[in-house]
Amino acid sequence: MKILIASDIAEEGISKLKKEFDVDIKKGISKEELLSIIENYDGVIIRSKPNITEDIIKKGKNLKVVARAGVGLDNVDVKCCQGLGVKVVNSPQASSDSVAELAFGLMLAVSRNIARADRLTREKKWEKKSLMGYELNGKTLGIIGFGRIGRNVGKIARACGMSLIAYDPLLTDEQIRSGDAEPVTLEKLIERSNVITLHVPLIESTRHMISDKEFQKMRDNTIIINTSRGGIIDEEALCRAIESGKILGAGLDVFEEEPPLNSKLLQYDSVVLTQHIGASTHEAQKRAGIMIADEVIKALKEK
Ligand code: NAD
């Protein structure tokens with residue numbers, strides 16, 4: 001059988017696949033080329049690019065599996081695949097630890113002014129008094145979405161002396177308690193947290209789930225962290241909350257528009273911005289490559 005790797009995946013995954021199949025690698029392939037060659041392949045492996053759209057799936061007469069290394073199937077027409085009996089697989093667990101560590105890093109960066117202290121030091125400005133921060137120890141962390149990443153963030157935060165409250169309407173109270181968190185409603189989480197961290201998928205019910213109303217109900221000096229998806233926080237409302245002094249700051253890895261070249265958020269010192277790098281660690285990428293290779297092998301052996 002033939003596999004097309006259409007994106008960057010770890011060498012370890014590629015070697016596994018080569019032991020089982022004929023493998024072609026065409027990173028950064030154009031849509032036109034993909035359309036012209038897809039019928040030669042039994043499986044295609046992608047990351048957040050390229051898009052596997054209906055026309056490509058229909059052209060792929062031999063296609064049996066579409067594999068997305070990593071989380072999120074936003075760029076795959078899953079419904080069309082299902083209709084045509086093409087299996088869709090991904091490796092969502094591969095980056096959970098990496099994203100959780102980044103989320104916690106952003107909490108520290110905001111609470112201790114790490115990014116601003118770095119900027120000032122480079123500018124040769126020694127302004128210790130303006131860099132007074134807050135401890136995380138003893139504070140309440142509100143976790144919205146208590147899945148793989150949310151739970152992992154909770155573990156790190158517990159080790160740092162934080163207490164956990166969590167909102168996840170798809171889990172039972174038992175499941176939330178088993179992760180050392182107290183289950184609460186979204187409203188209570190927003191009112192009680194010193195730090196709020198978001199770990200939900202971007203779906204209709206989560207789009208702009210943090211907007212003006214929620215910011216107004218937060219405690220003064222709340223820190224908000226988003227490493228999930230842009231669009232879950234209403235960025236205009238976030239700007240208003242920062243300007244009014246309601247919140248202490250924000251740590252953001254994801255944006256409504258990426259890269260956020262024209263975003264007002266770039267102007268605030270209390271916001272720490274990263275470049276959708278939650279999963280960008282050597283360990284997560286290696287894991288994603290190996291896991292996706294295993295998924296493809298399993299899917300094609302089942303056929
Ligand atoms: P997961 O599926 O394990 O957990 C998501 C949780 O959100 C689930 O427990 C689900 O019940 C809950 N949920 C769904 N709707 C909800 C709602 N309306 N309110 C509250 N909770 C709700 O997913 P995960 O692997 O933990 O990933 C979480 C997020 O992180 C996803 O958006 C994913 O795309 C994102 N992510 C970002 C990066 C990055 O590079 N920054 C990397 C990987 C994943």
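## Backbone features in loops

Asp 180 sits in the loop that runs between helix H8 (173-177) and E8. Its phi is near 65°, a positive value in a residue other than glycine. Most residues other than glycine have a negative phi, and most peptide bonds are trans. The model discussed here is predicted.

Two cis peptide bonds can be placed in loops as well. One joins Lys 49 and Pro 50, with omega about -10°; Pro 50 belongs to the loop between E3 and helix H3 (54-59). Another joins Glu 258 and Pro 259, with omega about -5°; Pro 259 is part of the loop between E11 and E12.

## Overall dimensions

The chain contains 12 helices and 12 strands. Its C-alpha trace extends about 65 × 50 × 30 Å along the principal axes. A compact globule of 303 residues would have a radius of gyration near 19 Å, and the value of 21 Å for the chain agrees with this.

## The five-stranded sheet

Five strands make up an open sheet with parallel pairing, and their order is E2-E1-E3-E4-E5. Strand E2 (22-25) and strand E5 (87-90) are at the edges; each has a single partner strand, so one side of each is left without a neighbour in the sheet. From one strand to the next, the twist averages 20°.

The pairing of E2 with strand E1 (residues 2-5) is parallel and runs over four bridges. Within this pair, Leu 4 stands opposite Asp 24 in E2. Helix H1 (residues 11-20) lies across E1, E2 and strand E3 (43-46). The direction of H1 is at about 140° to E2.

## The seven-stranded sheet

Another open sheet is built from seven strands, in the order E8-E7-E6-E9-E10-E11-E12, and here too the pairing is parallel. Its edges are strand E8 (181-183) and strand E12 (271-273), each with a single partner strand, so one side of each is left without a neighbour in the sheet. On average, neighbouring strands of this sheet are turned by 20° against each other, direction ignored. Edge strand E8 follows the loop that holds Asp 180, which begins from helix H8.

Strand E10 (residues 222-226) pairs in the parallel sense with strand E11 (residues 247-252) over five bridges. In this pair, Asn 226 stands opposite Leu 252 in E11. Helix H11 (residues 235-243) packs on the sheet and touches E10, E11 and E12. The direction of H11 makes about 140° with that of E11. A further helix, H7 (residues 148-159), lies across strand E6 (140-144), strand E7 (163-167) and strand E9 (195-198), and runs at about 170° to E6.

## The cavity beside E10 and E11 residues

The structure holds one cavity of 30 Å³ or more. The largest cavity encloses about 30 Å³ of space. Its lining consists of Asn 226, Gly 230, Gly 231, Ile 232, Ile 233, Glu 235, Leu 252 and Val 254. Two of these lining residues, Asn 226 and Leu 252, are the residues that stand opposite each other in the pairing of E10 and E11. Glu 235, also in the lining, falls within helix H11 (residues 235-243).

By class, the cavity lining has four nonpolar, three polar and one charged residues.

## The second largest pocket

The second largest pocket has a volume of about 190 Å³. Residues lining this pocket are Phe 255, Glu 258, Pro 259, Pro 260, Leu 266, Leu 273, Thr 274, Gln 275 and His 276. Sorted by class, they comprise five nonpolar, three polar and one charged residues.

Glu 258 and Pro 259, both in the pocket lining, are the two residues joined by a cis peptide bond with omega of about -5°. Pro 259 lies in the loop between E11 and E12. Leu 273, another lining residue, belongs to edge strand E12 (271-273).

Key
Residues are numbered from 1 along each chain as its sequence is written. This is a predicted model: local features need pLDDT of at least 70, side-chain atom pairs count only at pLDDT 80 or more; totals for chains, interfaces and linings use all residues. Side-chain values use heavy atoms; hydrogens and water are left out. On a 1 Å grid over the protein atoms alone, a cavity is a set of points where a 1.4 Å probe fits but cannot get out, and a pocket is an open set with protein on both sides within 12 Å along at least five of seven lines; lining residues have an atom within 4 Å of a point. Grid points are joined across faces, edges and corners, and a volume is the space filled by probe spheres set on the points. Ala, Val, Leu, Ile, Met, Phe, Trp, Tyr, Cys and Pro count as nonpolar, Asp, Glu, Lys and Arg as charged, and the others, Gly among them, as polar. Two strands pair if DSSP finds at least two bridges between them. Axes are lines fitted to C-alpha atoms, for helices over the stretch in contact, and angles run from 0 to 180 degrees between N-to-C directions. Contact means heavy atoms within 4.5 Å. The radius of gyration is taken over C-alpha atoms; the globule rule is 2.2 Å times the number of residues to the power 0.38.
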